[in-house]
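I opened this notebook page to record what I looked up in the structure. The entries follow the order in which I consulted the model.

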Amino acid sequence: MKAYERLIEYTKYETASGTHILDKYHPMILPRGSSYSRSYLEQGECLVIEFQALQETSTLFPFEITDNSKIVALFNKIEQRFIYKPHLYQLKNLHDLYEMLVILFSASEREYMPSKKYNMLTPAVMYIQEHYCERSIRNEQLAAMCGIGDAHFRAIFKQHFGQPPITYVNMKRVERAKELLQSGLISISQAAGAVGFCNPYYFSRVFKQYTGLSPSEFLKQQSKEEVVISESSRHST
């Protein structure tokens, strides 16, 4: 088993049975013997774990999860063990891998959206990836791109992504704002404008809704983490 990251956030998998688009809330297991093609819709960060399996199957296993924090935390533990290799790291990694699989297969008890339904959303999803920083994104606009009614579009979107379209757009904006703030090159108000918020106060409210921190609190936390990393690097050398 090995763990690593790829700089891809949205991956489209084509199989004989249909199409699946992976993101942080839609992971997939790609078993030995499965046949598929893939393309990348947008650069981002993707967590990947490879492990050996005894059986082969041609079936891919997609999952829908509403909270990926546990899986990310487990992945980070596995990644750190591969770097530092503490005592019994292989057994501990297997333990965490099985815990990931339990989370995924528990989520699989819910019905996964048929590919035909999801394909309806593709024009809107593609548009969001390219234009989420623009201010004028509306449900009616996205629904029209998909050729369906507004209410039907919102229902299908929420079924697949676990949240309404505009909530999803705001989540993308906040994720981008975090990257801009971490760069240290722009102010909070500049970051707000860069990701499509005309009101810095509304931006701060939305930012806290998704991260649990205001933008200023987020920056303070980043500064503390940088100090801890710097201290730990100094001690290790």
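**Entry 1: α4 and the residue after it**

I began with Gly147, which lies just after α4 and takes a positive phi of about 75 degrees. I note at the outset that this is a predicted model. I then asked which residues of α4 are buried. I found Asn139, Gln141, Leu142, Ala143 and Cys146 to be buried there.

**Entry 2: overall composition**

I next turned to the protein as a whole. I recorded nine helices and five strands. Reading along the sequence, I noted the pattern β-β-β-β-β-α-α-α-α-α-α-α-α-α. The protein has 237 residues, and 38% of them count as buried. I also looked up the contacts with a separation of 6 or more: residues 24 or more positions apart account for 69% of these.

**Entry 3: the largest nonpolar core**

Which residues touch the most other members of the largest nonpolar core? I listed Leu121, Ile128, Leu142, Phe153, Phe157, Phe161 and Tyr168, out of 20 residues in this core. I then checked where the core residues come from, and found that α3 (115-131), α4 (139-146), α5 (150-161) and α6 (165-183) each supply at least two. The largest share, five residues, comes from α3.

I followed Phe157 further, setting aside its neighbours within four places in sequence. Phe157 is in contact with Leu121, Val125 and Ile128, and also with Gly162, Gln163, Pro164, Pro165 and Tyr168. Apart from this core I located another, of 13 residues, including Phe63, Ile71, Met100 and Ala107.

**Entry 4: the pairing of α1 and α2**

My last item was the packing of two helices. At what angle do α1 and α2 pack? For helix α1 (residues 69-84) and helix α2 (residues 89-107), I recorded an angle of about 165 degrees, with the axes 10 Å apart. Because of that angle, α1 is roughly antiparallel to α2. I entered the crossing of α1 and α2 as left-handed.

I then listed the residues that meet. From α1 these are Lys70, Ile71, Leu74, Phe75, Lys77, Ile78, Arg81 and Phe82. From α2 they are Tyr89, Lys92, Asn93, Asp96, Leu97, Glu99, Met100, Ile103 and Leu104. By type, I counted the residues of this contact as ten nonpolar, one polar and six charged. I noted that Ile71 of α1 and Met100 of α2, both listed in this contact, are also among the members of the 13-residue core.

Note on methods. Residues are numbered from 1 along each chain as its sequence is written. This is a predicted model: local features need pLDDT of at least 70, side-chain atom pairs count only at pLDDT 80 or more; totals for chains, interfaces and linings use all residues. Side-chain values use heavy atoms; hydrogens and water are left out. Axes are lines fitted to C-alpha atoms, for helices over the stretch in contact, and angles run from 0 to 180 degrees between N-to-C directions. Helices (H or I, at least four residues) and strands (E, at least two) are DSSP runs, numbered from the N terminus. Angles under 35 degrees count as roughly parallel, over 145 as roughly antiparallel, 65 to 115 as roughly perpendicular and the rest as oblique. A crossing is left-handed if the near helix is turned anticlockwise from the far one by less than a right angle, and right-handed if clockwise. Contact means heavy atoms within 4.5 Å. Ala, Val, Leu, Ile, Met, Phe, Trp, Tyr, Cys and Pro count as nonpolar, Asp, Glu, Lys and Arg as charged, and the others, Gly among them, as polar. A nonpolar core is a set of buried Ala, Val, Leu, Ile, Met, Phe, Trp, Tyr and Cys residues joined through side-chain atoms within 4.5 Å. Buried means under 20% relative accessible area, exposed over 50%, partly exposed in between (1.4 Å probe, protein chains only).
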